[in-house]
Amino acid sequence: NNLVILQKSLKIRIMIILLFCLFIVTINQTIVSIAGPSILAELGGFKYYSWIFSGTALTAAICSPITGKLYDLYGPKIIIIFFLFIFTFAILFCGLSNTMFSLIIFRILQGVGIGGVYGIIWIMTASLWNPDERGKWVGIATASFTVGTMIGPVMGGFITQTIGWRWIFFLNLPLSMILITAILIVFPSQEKVISKKFDYKGTIIFIFFVSSFLIGISNIVQDNSYRYINSIIIFSVSFCSLGLFIYIEKKEKENALIDLSLFKYKFFIGGTLGSIFLVSAFVTWSVFLPLSLVTVYGYSLSQASIPLMTYAIGIALGSSFFGFFISHEKLQLPIALIGFILTTIAFSISGYTYLDINFHLLLIIAFIIGFGFSGTITAYIVPIQNKLPEKKIGVVTTWLQFSRIFGNSFGTAILGVILLLNMNTYNFEPPREYIYNPDNISSIEKIEEIREKYVNSGKIELFDKDLKSSKNNLNNGLRYVYFSSSIAGIIGIIISIFIFP
């Protein structure tokens, strides 16, 4: 690891740039979450709503282990610039998108950039510092992530309400270009770290496995009688791809995308599963909460951003609190359990009440979820890194990053399926069919247009009843989403008991 020997002043300058990179990619994620209902209102496509988020997370997850390999081959400078260019290109065309399909495509491309940037940030944070300093800098990086999470919802609500949701993408463009310039100037040039070949076959099969698995989940909600048969076929192809991938990786050994020998460590297996389920639970708050508050209960985007900001404050305070104790091995299990237990209870309350609660109580729940998340994420980073071979720190870090981002994509996809499967389908004649379309109830303007259609058709007496029924239908589906997140929390508790001493 030739980054540790750099002068401390240079390492600090590199870290400052990395922290700003982390802030930019994080803020871009949280801004989009609060703008979701407005995007849905303009572009439609409620069935594919979750893919605005899961598509990005899918490619970000796939890129994480690939980033670790590219880092080993070419060093950090050229790779992080490459991924920042992809990120910048994608956000430009996200802002220009005029259909839900095109937005999802460019969000998927954006995920490539996000995954690559995230991967390099966490590898370099681990590689720049010795183990005794690593925890402090991981904590600082987590704080940068948290600030982005806090500011994102507020900025997203303000920007969307004032100049439109497209500007949540456009305003990132100059910031991205400034960061690319700073990296070119500050980062030291490095030769190839190792002279090994890139595992192209394994990478292609790995991409096929992960993408087909998530497509199989999403296929369950398709409107045809063969949807379950189709999903079984897709899952079969996915698991066959997994088997082929393992076979290829065993043959490649030195050049393998993933070091399969790490799976002999219970900390590696548990860290992988725990990371997946902890993010699967917490993605609920950022992706589906705006639908509850804006679409069901009629909050403004600015009001809906406050619980998301409170959630981020919980993360910030929790990171500082748990980061102080996480170096004590005997406290690692209690920290992980506290995080999962708090969030399991909070999501259970959310499902039980349909979030039809006092706004101040909602803020308390948001804070508890954020505080709990910080406990679990703290327990599933540094302790896992420190328990595994130091020479494999890059592979371990990117794999844990893959697990967290895959958990984001997996959680968003499967919770989107749960939402749709628990909503009724209504077959009314116009204009009643319009109010039962979830695309339309996210927009006050569309609701008013539909109300006029009710007036013109002589059915105005049904309008209030139909609007309430349509919102209740969405709310019922969201209830099962919150309950499902509490189940993910319970699974996290079991995994934590298994891996921590």
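A residue is called buried here when its relative accessible area is under 20%, exposed when over 50%, and partly exposed in between, with a 1.4 Å probe and protein chains only. By that scale, Tyr354 is partly exposed because its relative accessible area is 27%.

Before going further, a word on the ground rules. This is a predicted model, where local features need pLDDT of at least 70 and side-chain atom pairs count only at pLDDT 80 or more, while totals for chains, interfaces and linings use all residues. Residues are numbered from 1 along each chain as its sequence is written, and side-chain values use heavy atoms, with hydrogens and water left out.

Let's stay with Tyr354 for a moment. Tyr354 belongs to the loop between helix H13 (332-353) and H14; helices (H or I, at least four residues) are DSSP runs, numbered from the N terminus. Its phi is near 60°, a positive value in a residue other than glycine. Leu355, in the loop between H13 and H14 as well, also has a positive phi, of about 60°. With a relative accessible area of 4%, Leu355 is buried. For context, most residues other than glycine have a negative phi, and most peptide bonds are trans. An exception to the second habit is the cis peptide bond between Pro430 and Pro431, where omega is about 5°. Pro431 is placed in the loop between H16 and helix H17 (432-435).

Now to the aromatic side chains. The structure holds 35 aromatic pairs, a pair being rings of Phe, Tyr and Trp (its six-membered ring) with centres within 6.5 Å; planes under 30 degrees apart count as stacked, over 60 as edge-to-face and the rest as tilted. Trp165 and Phe169 make an edge-to-face pair, because their planes stand at 85° with the ring centres 6.4 Å apart. Both partners are covered: Trp165 is buried at a relative accessible area of 4%, and Phe169 is buried at 1%. Phe322 and Phe371, by contrast, form a tilted pair, 5.0 Å centre to centre with 50° between the planes. That pair links distant parts of the chain, with Phe322 in helix H12 (residues 301-325) and Phe371 in helix H14 (residues 359-379), 49 residues apart. Phe322 counts as buried, with 2% relative accessibility. There is also an aromatic cluster whose members include Phe206, Phe235, Phe268, Trp399 and Phe410.

Two arginines interact with rings in another way. A charge sits over a ring if NZ of Lys or CZ of Arg is within 6 Å of the ring centre and within 35 degrees of the ring normal. The charged end of Arg432 is placed over the ring of Phe428, 4.1 Å from its centre, and Arg451 lies over the face of Phe463, at 5.9 Å from the ring centre.

Phe169 leads us on to Gln110, which lies in helix H4 (residues 100-128). Gln110 is buried, at 0% relative accessibility. Leaving aside neighbours within four places in sequence, its contacts (heavy atoms within 4.5 Å) include Asn28, Thr56, Cys94 and Phe169.

Pro290 is another covered residue, at 1% relative accessibility, and its place is in helix H11 (residues 289-296). Its C-alpha atom is 7.3 Å from that of Ser33, although the two are 257 residues apart along the chain. Among the residues that Pro290 touches, not counting those up to four places away in sequence, are Ser33, Pro37 and Leu308. In H11, 8 of its 8 residues are buried. Just after H11, Gly298 takes a positive phi of about 75°.

Finally, the enclosed spaces. On a 1 Å grid over the protein atoms alone, a cavity is a set of points where a 1.4 Å probe fits but cannot get out, and lining residues have an atom within 4 Å of a point. Points are joined across faces, edges and corners, and a volume is the space filled by probe spheres set on them. There are 5 cavities of 30 Å³ or more. The largest has about 700 Å³ of space and is lined by 31 residues, with Tyr118, Phe145, Val279, Phe373 and Asn408 nearest its centre. H10 supplies the largest share of that lining, 5 residues. The second largest cavity holds about 70 Å³, and H2 gives the most to its lining, with 4 residues.

Methods:
Helices (H or I, at least four residues) and strands (E, at least two) are DSSP runs, numbered from the N terminus. On a 1 Å grid over the protein atoms alone, a cavity is a set of points where a 1.4 Å probe fits but cannot get out, and a pocket is an open set with protein on both sides within 12 Å along at least five of seven lines; lining residues have an atom within 4 Å of a point.
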